[in-house]
Amino acid sequence: MGDPPTGLRRRRDLYNLFVTAQDGAWDRLGYEYDRGRFLEYTPDELVESFKDLKSRQLDALRALPCLFAYEGERPMRVGRLKSIKLRGRSLAIDFELDDAIPAIAFASIDPLRTLLDIRDWEMHRTHWAVKDEDLFAILGDADLIPPGVVQPAIEERPAPEPPERQVNSVGAFVTAVLALKQKGKEVFYRGHSSKARYRLEPSVFRKNAAGDYIHLDNEDRMYRELLVANSSDFHADVYSLDRLVRMQHYSLPTRLLDITSNPLIALYFACRSHGEKLEGTKVNPEEQGEVIVFFIGSDDIKYFDSDTASCLANLARLSRAQRDSVDFTLASAHFHKQQAVKRLLHFVKEEKPFFEPRMKKDDLRSVICVKGKRSNDRISFQSGAFLLFGHDAVLDELGTPKIGVTRIGVSNKKAMLEELDQLGINERTVFPYIENSARYIAQKFSFIR
């Protein structure tokens with residue numbers, strides 16, 4: 001496996017920042033964060049290190065000092081984590097405050113925000129960030145920690161990584177796929193050309209190197225702008241899901257994640273890294289790829305006309321402020337009276353006039369598998385389906401009770417692309433457009449390979 005990622009080494013220059021809007025939260029024995037709020041405002045390097053939340057990541061997080069804060073300009077406390085537990089889409093933390101360090105006024109922290117990497121508006125959003133700064137050194141230099149108080153040492157307990165299937169030829173890949181036990185589930189696949197850098201998240205949820213969302217703040221505007229600029233292309237689409245599928249097809253960032261029922265298509269994408277870029281960084285063709293395998297029960301698969309899919313797809317039409325204003329802790333009767341929920345219901349009733357206002361709160365924050373209409377040649381050839389992400393939804397990299405996940409590591413990618421070409425899986429067939437056919441033919445008949 002090699003050395004662990006930098007963010008998992010025993011470093012004193014990292015700390016956890018916890019922010020909540022819940023009054024008195026840090027006076028209680030425990031607290032739960034939604035997985036969607038974990039690693040917000042976190043540098044990209046650390047996101048990559050901590051995203052999987054396996055045993056060694058949990059131990060590393062537990063070893064870091066913590067700054068506990070409330071939204072707004074309220075006093076903060078220093079403390080440590082005693083335990084972290086994964087509970088479905090939530091992260092439950094057990095913590096204790098350091099009695100030797102009194103509460104620190106916001107006015108004392110405010111001049112240190114740049115040093116502590118606490119960004120603009122970060123104190124106005126509930127989230128859990130990991131910061132690449134030395135909390136005790138910064139607070140100590142500012143005389144905010146009493147003399148003699150030092151960061152407590154917590155021993156980490158690294159756990160071994162589970163074995164992963166590795167393949168370096170198409171034949172070995174097919175053998176690995178056929179050996180998978182389906183257990184009555186439908187199986188889907190997704191290929192990542194960079195095992196280290198890609199996550200199971202839709203393009204609109206991606207963040208930049210500083211940990212900030214790139215497109216999510218303007219999701220509703222992007223949706224409308226593309227409809228305004230190319231309205232004739234969408235005239236046959238009945239549902240918002242249909243429009244999102246078409247927008248995804250034209251490379252607009254959406255809350256859809258492509259998956260396929262054809263494992264060879266996924267393998268092609270796992271190998272296809274030449275010239276590919278990830279947030280402006282070129283993917284190394286020799287970098288290991290992977291095929292992610294999803295196991296989903298037939299009852300958990302939705303279709304293009306699903307009511308649940310309509311509710312999740314129409315979240316794209318709400319502004320970021322409207323989505324964030326929804327209080328999911330309210331009882332159902334009060335939940336549906338919120339302005340943002342009423343607006344969402346209005347959008348759903350536009351495409352389904354007889355839809356009753358009985359949206360399930362948990363559904364709006366879930367990840368579902370959807371089989372959309374095969375409205376173009378690319379989706380048809382790629383045997384495409386989608387994972388549709390709800391509000392702040394996170395798909396655990398290890399899978400969920402409804403979406404099982406396993407992985408197959410892929411190396412020797414150039415040779416595997418040549419083998420796939422012999423089976424008719426290449427740029428011309430995966431992307432059936434004349435410009436791609438021309439590019440493929442030119443490369444095939446060139447003297448320089």
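This text goes through a strand pair, a buried helix and two residues with positive phi in a predicted model.

Strand S8 covers residues 186–192, and six of its seven residues are buried, so the strand is largely enclosed by the rest of the structure. Its partner is strand S12, residues 289–296; the two run antiparallel and are joined by seven bridges. Within this pairing, Tyr189 stands opposite Val293 of S12.

Helix H8 is also mostly covered, with ten of its ten residues buried. Among them are the charged or polar residues' positions at either end of the run, Ser240 and His249, and in between Leu241, Leu244, Val245 and Met247. Asp242, Arg243, Arg246 and Gln248 are buried in H8 as well.

Just after H8 comes Ser251, where phi takes a positive value of about 75 degrees. Ser251 belongs to the loop that links helix H8 (240–249) to strand S9 (256–260). Most residues other than glycine have a negative phi. Ser251 is exposed, with a relative accessible area of 63%; the cut-off for exposed is over 50%.

A positive phi in a residue other than glycine also appears at Tyr41, where the angle is near 60 degrees. Tyr41 lies in a loop too, between strand S2 (30–34) and helix H1 (44–50). What is the relative accessible area of Tyr41, and is the residue buried or exposed? The value is 16%, and Tyr41 is buried, because buried means under 20% relative accessible area. Of these two loop residues with positive phi, then, Tyr41 is buried, whereas Ser251 is exposed.

How values were computed:
Residues are numbered from 1 along each chain as its sequence is written. This is a predicted model: local features need pLDDT of at least 70, side-chain atom pairs count only at pLDDT 80 or more; totals for chains, interfaces and linings use all residues. Side-chain values use heavy atoms; hydrogens and water are left out. Buried means under 20% relative accessible area, exposed over 50%, partly exposed in between (1.4 Å probe, protein chains only). Helices (H or I, at least four residues) and strands (E, at least two) are DSSP runs, numbered from the N terminus. Two strands pair if DSSP finds at least two bridges between them.
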